[in-house]
Structure formats: structure tokens, C-alpha cells
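Work through the exercises below with the sequence and the model side by side. Try each task before reading its solution.

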Amino acid sequence: MKKGLLIILSGPSGVGKGTVRRYIFNNFDLDFTYSISMTTRAPREKEVDGEDYYFVTQEEFQRNIDENNFLEWEEFVGNRYGTPRDKVESLRNQGKNVFLEIEVNGAAKVMSNVTDDRVISFFLMPPNVKALENRIRRRKTESEELIQARLEKGKKEMSMAGNYDYIVLNDTVEKASQSIVDYIKAKNRKSR
Ligand code: 5GP
């Protein structure tokens, strides 16, 4: 059986990665599975454990590092985030396309560690930096200090967009999602 694709989506905090991902999952039938990450961050108001993330303690996260359970993990503005390795591998081996929504350093690790040719990476760009700030502020989940830290980090992330297969502008969710899906379909046709 053909191995499932590994799809990586990155982009600065506030660009709308989650919205684009949900739009793609709800509107296109591509047999995607979202890889739920583990994090030490506290849940936001509407987030559900086991759906948005597995929310864990520092100790539990460390135990998973020690047991080599992560395909990659990174620290992001004071919290740790990691991709569970077994899940990703077993799903791909069952032919499922696995979708990772992760930050740039973790994405770089995945790109260099996963060496098969069924990996495709996207960097989602905001139309402008102000749009990012507005979005993070609207969420009303971060302190001023954390908002500034996320914006700074976002600028660094945007400087790494060239490492990705495709840079996609998020001017509208529909257009950005459609281009991502078109690139995925083209990749699927190519690497059989
Ligand atoms: P947030 O706190 O906004 O949910 O996530 C912060 C950043 O961490 C986002 O860029 C998100 O994509 C990224 N992230 C989420 N899960 C993972 C993961 O498992 N690994 C890495 N490296 N980054 C992740």
C-alpha cells in the first residue's frame, strides 16, 4: 500500500493555521488525519483535551522526551510542544495522509528526519503583520508580554518561509485552503 502523505503546515502565531486546517478538513475529502500534539501550555477556553492538544504536565512531557516518543518537539514562547511519533508512523503506514500543524524549528527537524518523498510542506503567510497582531489580540488569551513575544517569534518564523515547498498567502481562508489542497493533489498524483 502507498504510504500516506506527511503534510506540514507552519506559519506565525495568529496567521490562522487552525482555521485553514479546519476548513480543509470540513470541505475536502482527502482522507486526512490531524496529528494531535502534546503540549505543556494551558488549554484556551474552547480547547478540548485530546482534540486540540493532549494537555500534559512538564513531568509527563519530559517522560515522553526521555522515552523517545516524539518525532520532534520544541519550546515555543515558554511552553513545550511535541509530535507523537508512533501515531504518525502507524497512520502513514495505513495509507492515511497525516497533517502536522507545527512551528518552524520542529518542521525543519521533520523535514530532515523523514526522508521518504511523501512529505509536503506549507508556510502560511499573513497579508500583513498588522493582521497577525489583530488576530492574536482578538483571541484574548495571551498577556501583553506573551503577545509581544509571539509577534517577535512570528517575524523570525517568516524569515524561514523559504525552507518550505510552498508559501501560501492567507488573504482568504477559502483561497489559501484551495491552493493547499491543489498542491497536495498534484503531489499525490506525482509520487505514486
Ligand atoms: P499555540 O500555543 O498557538 O497553540 O501553538 C504555538 C505554536 O506551536 C504554533 O506555531 C503551533 O503550530 C506550534 N505547535 C503545535 N504543536 C506543535 C508540535 O507538536 N511541535 C512543534 N514543533 N510545534 C507545534
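Buried means under 20% relative accessible area, exposed over 50%, and partly exposed in between, with a 1.4 Å probe and protein chains only. The model is predicted: local features need pLDDT of at least 70, side-chain atom pairs count only at pLDDT 80 or more, and totals for chains, interfaces and linings use all residues. Residues are numbered from 1 along each chain as its sequence is written, and side-chain values use heavy atoms, with hydrogens and water left out.

**Exercise 1. Find the salt-bridge partner of E101 and place both residues.**

Step 1. Apply the criterion: a side-chain nitrogen of Lys or Arg within 4 Å of a carboxyl oxygen of Asp or Glu. E101 pairs with R21, with 2.7 Å between the closest N and O atoms.

Step 2. Locate the two. Helices (H or I, at least four residues) and strands (E, at least two) are DSSP runs, numbered from the N terminus. E101 belongs to strand β7 and R21 to helix α1, so the bridge ties together parts 80 residues apart in sequence.

Step 3. Check accessibility. R21 is buried because its relative accessible area is 11%. E101 is at 18%, so E101 is buried too.

**Exercise 2. Describe the surroundings of K17.**

Step 1. K17 sits in helix α1, residues 17–27.

Step 2. Look for opposite charge, counting Lys and Arg as positive and Asp and Glu as negative, without His or the chain ends. K17 is buried but has no salt bridge. E101 is the nearest side chain of opposite charge, at 5.4 Å.

Step 3. Look at the backbone. The K17 side chain comes to 2.8 Å from the backbone oxygen of G11.

Step 4. List contacts (heavy atoms within 4.5 Å). Neighbours within four places in sequence aside, K17 touches L9, S10, G11, P12, E101 and L124.

**Exercise 3. Work out the strand order of the five-stranded sheet and find the helices on it.**

Step 1. Pairing requires at least two DSSP bridges between two strands. The order is β2-β7-β1-β8-β9, in an open sheet with parallel pairing.

Step 2. Find the edges. β2 (32–34) and β9 (166–169) each pair on one side only.

Step 3. Take the twist. Angles run from 0 to 180 degrees between N-to-C directions of lines fitted to C-alpha atoms, for helices over the stretch in contact. Neighbouring strands of this sheet are turned by 25° on average, direction ignored.

Step 4. Inspect one pair. β1 (residues 6–10) and β8 (residues 119–125) share five bridges in the parallel sense. L6 faces V119 of β8.

Step 5. Add the helices. Helix α3 (residues 85–93) packs on the sheet against β1, β2 and β7 (97–101), at about 150° to β7. Helix α7 (residues 173–190) crosses β1, β2, β7, β8 and β9, at about 165° to β8.

**Exercise 4. Repeat the analysis for the four-stranded sheet.**

Step 1. This open sheet has the order β4-β3-β6-β5 and mixed pairing. Its edges are β4 (54–55) and β5 (70–76), each paired on one side only.

Step 2. β3 (residues 38–39) and β4 are parallel, over two bridges. M38 stands opposite Y54.

Step 3. Helix α2 (residues 58–66) packs here, touching β3, β5 and β6 (79–84), at about 45° to β6.

**Exercise 5. How many salt bridges does the rule give, and which residues form a network?**

Step 1. The count is 16.

Step 2. R41, R44, E47, R139, E142 and R150 are linked in a network.

Methods:
Polar contact = N/O pair within 3.5 Å; in protein donor to acceptor, adjacent residues only side chain to side chain.
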